[in-house]
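Dear colleague,

Please find below the sequence and structure that I promised to hand over to you. My notes on what was found follow underneath, and I would suggest reading them with the structure open beside you.

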Amino acid sequence: MKDVLEDFRVSEAPYWRETGDEITLFTAAWDARIPVMLKGPTGCGKTRFVEYMAWKLGRPLVTVACNEDMTASDLIGRYLLDANGTRWQDGPLTFAARHGAICYLDEVVEARQDTTVAIHPLTDDRRVLPLEKKGELLKAHDDFLIVISYNPGYQSLMKDLKQSTKQRFGAMDFTWPGPDVEAEIVAHEAGVDADTAQKLVEIGARSRNLKGHGLDEGVSTRMLIHAGRLIKGGIAPKAACSMALVHSITDDPDMRDALDAAVSTWF
């Protein structure tokens, strides 16, 4: 019989460069079954970290990319019609709770608040999930853990997590690695030499200084890796940076000029 969790197992170790005590903290939260909230800018490695920890802990990982159209039924489950009538289909959260996986809700604040409230019974001592449409009270598997992430820099009073939700989680802050570590990550992930990686990191640092002065967010580590991969593939560095770092982050002509100037400084 096929293992229902087979498709959700992380079979190979994702690359993760530890920058602090994040592995120790997450492991302690896992041991205590404390839900975890990861906070940090887009592209700083939150999702990769969850993948790495799922591999390290030997647990399957169910990932949900949250969006404003996601309903509680999308998360929990619904009845579906088939040739034999109706059947219940577990949603990703229910599936993870039933079988003992880590459920990762990426950018959870994008979901509607009435949807995020559905996770509350699973994030306290009850560790249960009421399936009202099915008439079932699901007790979470002992190995179940819920992890959420979001970018506080993008939030507003109209679009933020409720305090009643936040206080159910242990929080971990993520940010950009130090320059040397970030260069090491870019070199490894993009396959470029150390000198090229260092130049890309310097461009990224310049862009982050513009946050709040024309840019909503600086160039992410993910974007630097994209630029590095283009360079590795034979694209000229300036053209690679223009595509991966400049044009993708802003349409403002002045901001593009400022970023192009940073690119020209190093390439």
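**Helix 4 and what follows**

In helix 4, which covers residues 92–99, the buried residues are L93, T94, F95, A96 and A97. Please keep in mind throughout that this is a predicted model. Directly after helix 4 comes G100, and the phi angle of this glycine is positive, near 85°.

**A residue from the start of the chain**

Helix 4 also brings us to V4, which lies in the segment before helix 1 (22–32). Is V4 buried, partly exposed or exposed? Its relative accessibility is 43%, and because the partly exposed class runs between the 20% limit for buried and the 50% limit for exposed, V4 counts as partly exposed. If we set aside the neighbours within four places in sequence, V4 is in contact with F95 and H99, and F95 is one of the buried residues of helix 4 named above. For V4 and L105, the separation is 101 residues in sequence, while their C-alpha atoms are 20 Å apart in space.

**The protein as a whole**

Stepping back, the protein has 267 residues, of which 46% count as buried, and it contains 11 helices and 9 strands. Along the principal axes, its C-alpha atoms fill a box of roughly 65 × 40 × 40 Å. Among the contacts with a separation of 6 or more, 71% are made by residues 24 or more positions apart.

**The annotated domain and a pair of helices**

An unreviewed UniProt entry places the feature "domain: CbbQ/NirQ/NorQ C-terminal" at residues 182–264. Over that range the model is 70% helix and 0% strand, and the C-alpha atoms at the two ends are 20 Å apart.

The last item is a pair of packed helices, and such a pair is described by the angle between the axes and the distance between them. Helix 8 (residues 194–208) packs against helix 9 (residues 221–232) at an angle of about 140°, and their axes are 10 Å apart. The two helices are therefore oblique to each other, and the crossing of helix 8 past helix 9 is right-handed. Which residues of the two helices meet? From helix 8 they are T196, L200, V201, G204 and R208, and from helix 9 they are T221, L224, A227, G228 and I231. Sorted by type, the residues of this contact comprise 5 nonpolar, 4 polar and 1 charged.

With best wishes

Terms used:
Residues are numbered from 1 along each chain as its sequence is written. This is a predicted model: local features need pLDDT of at least 70, side-chain atom pairs count only at pLDDT 80 or more; totals for chains, interfaces and linings use all residues. Side-chain values use heavy atoms; hydrogens and water are left out. Axes are lines fitted to C-alpha atoms, for helices over the stretch in contact, and angles run from 0 to 180 degrees between N-to-C directions. Helices (H or I, at least four residues) and strands (E, at least two) are DSSP runs, numbered from the N terminus. Angles under 35 degrees count as roughly parallel, over 145 as roughly antiparallel, 65 to 115 as roughly perpendicular and the rest as oblique. A crossing is left-handed if the near helix is turned anticlockwise from the far one by less than a right angle, and right-handed if clockwise. Contact means heavy atoms within 4.5 Å. Ala, Val, Leu, Ile, Met, Phe, Trp, Tyr, Cys and Pro count as nonpolar, Asp, Glu, Lys and Arg as charged, and the others, Gly among them, as polar. Buried means under 20% relative accessible area, exposed over 50%, partly exposed in between (1.4 Å probe, protein chains only). UniProt positions are given in the numbering used here, feature names are shortened, and annotations may be inferred rather than shown by experiment.
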